[in-house]
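Reader: Hello! I am new to this structure and would love a close look at one part of it. Could you pick a strand and walk me through its surroundings?

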Amino acid sequence: MTSSRFDVAVVGAGPGGLAAAEAAVGAGARVALVDGAGQPGGQYWRHPAGDLDAVADLHHGLKTFRAQVRAVDAATTFFGHQVWTIEKVAAGFVVRAVVAGTEVEIAATSLVLAPGAYDRQLPFPGWDLPGVYTAGGAQALLKGNQVLAGRRVVVGGTGPFLLPVASGLAARGAKVAGVFEANSPLGWVRRLPAVLPVAGKLTEGAGYTAALARHRVPYRSRHAIVAAHGTDRVTAVTVARLDRDWRIVAGSQQRVECDAVAVGWGFTPQLELPLAVGCATRVDVDGSVVVQVDEAQRSSVPGVYVAGEACGVGGAALATVEGAVAGRAAAAVATGRAAGAGAVPRRLVGQRNRLRAFASAMHRTHPVRDGWRDWLTDETLVCRCEEVSAGRLREATDELGATDARSAKLLSRAGMGWCQGRVCGYATSCLVAAWSGRPFEPGAAAERPVAVPIPLGLLSQHPGT
Amino acid sequence: MTESSFTFDDRRVGFTAGQTVGAALIGAGIRSWRTTRVEGRPRGVFCGIGVCFDCLITIDGVPNQRACLIAAQPGMAVRTQEGGGRDQLAV
């Protein structure tokens, strides 16, 4: 099924995509807005179907969200459409989405891609036990479903995202047994010039800190969840103090009883679609592969603009600014109206610069340090899908001679399962680099020609792909 | 809010409109509904947003569906998924 032709197709209806669609509509373009979810919001403004009010207290920036949703009323929306690939054609692009096993083609002259990101994970003993969630997973259960991940929850990893996750759980009645931040928040103090101009972030951070104090949630920096325990579900974790390189300080281990765990170590951008259209990438401060964009959010592929986490993890406020820039530029090239196409409004440039400086300070304050590798035992699963243990991955490098992430994958099957390395890709690349003594390859697992599961019959209709 | 229900391995699980199958199961205190293909280990939701495929489940006879993405519907027959979920095809 082919839809009518659009000037701009925006893929992703989170903060970045919504801002892009709003800007493109405002510039007079015919806009298609496509998202796999049933409603707008993305991960950031996730809410129960049709009921934002139910979780309004867990959200920030809802005024922006509501205004965006009103504005995109003038766009043609394709919710519940999971985009599996994008094709470059003579007249622009064809976005290929699946709905209940059937393909829908959306043709457009230019594109804005705002695919977002998901939690970056590090393996640790017991992380495959039911009851261990990604921080974003616990958040999605809460914000999207009003379900608590557990009654007694331990939150850990690194980065400011741990704070809203913990305070949201506490606000809805969970006992949060502790927030364990592997880095030291003192890093922020050293980077005040990047923090102070972004007043909203400071207020938000202070709000979470106050909420945690109110609920008497212990916050420990330089600590991490280093093991989860239980037979069929998690019943406790081991928490330990870390040294500067994240090695466990001997004798500091403590057992904390819990029925759920939420962990996250920053974010990994979703790059399937930008890579499918051939966008050039770079490596960001946090070690993530991201799309390279210019002042107007233009990628290396003419007609393709990228906004939000895919061009550098930086949060919803930055995504909103980037989306506004991208939507405006994409509309200008598609409609041929040159007015202002070359110049990005100075107000947006200033906001983007400040928010990017903040993001950079965040990445430098909350890096992943090498010591986590020592938390693993030979039995610890690295690849959850194919059940590949650290011991088997090590065999691939030490005995079978793999010297890069790709050959380690072929020899061990790490990253070959259902998730296609989305979860273990980062850790596998880190481990293979360390064990083989070769450089870390951040993008080793990023390319996935089929972005979402599709029926084989559908693939067979595309002999050229 | 309206409360409806589906069955999970013949047990009744309630949900509110718009909840996913995975969220409804967790809300009912159920943490796992799949066994892994190699070691037969229990799995449930991990990423919660459709990325990790840990929460695969059999719904109305169709295996390998992501419980964290599928909206619960009244009367669904939801079952634990063993291994790849297609044991009937084994040779």
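Author: Happy to! Let's start with the whole chain: the secondary structure of chain A comes to 14 helices and 21 strands, where helices (H or I, at least four residues) and strands (E, at least two) are DSSP runs, numbered from the N terminus. The radius of gyration of chain A, taken over C-alpha atoms, is 22 Å, close to the 23 Å of the globule rule for 465 residues, so chain A is as compact as a globular protein of that length. That rule is 2.2 Å times the number of residues to the power 0.38.

A word on the ground rules. This is a predicted model, in which local features need pLDDT of at least 70 and side-chain atom pairs count only at pLDDT 80 or more, while totals for chains, interfaces and linings use all residues. Residues are numbered from 1 along each chain as its sequence is written, chains are lettered from A and ligands numbered from 1 in the order in which they are written, and side-chain values use heavy atoms, with hydrogens and water left out.

Buried residues make up 58% of the 465 residues in chain A; buried means under 20% relative accessible area, exposed over 50%, and partly exposed in between (1.4 Å probe, protein chains only).

Now to the part I chose, strand 6 of chain A, which covers residues 102–113. Of its 12 residues, 10 are buried, so strand 6 of chain A is largely enclosed by the rest of the structure.

Which strands pair with strand 6 of chain A? Two strands pair if DSSP finds at least two bridges between them. Strand 1 (residues 6–11) of chain A runs parallel to strand 6 of chain A and is joined to it by five bridges; here Phe6(A) stands opposite Ala108(A).

Strand 5 (residues 92–99) of chain A runs antiparallel to strand 6 of chain A, with seven bridges joining them. In this pairing, Val94(A) has Ala107(A) as its bridge partner. These two strands form a hairpin with two residues between them, and in the turn Ala100(A) has a positive phi of about 50 degrees.

Strand 19 (residues 304–306) of chain A is a further partner: three bridges join it to strand 6 of chain A, and the two run parallel. Leu113(A) in strand 6 has Val306(A) as its bridge partner there.

So, when you turn the model, try following strand 6 of chain A from its hairpin with strand 5 to its parallel partners, strand 1 and strand 19.
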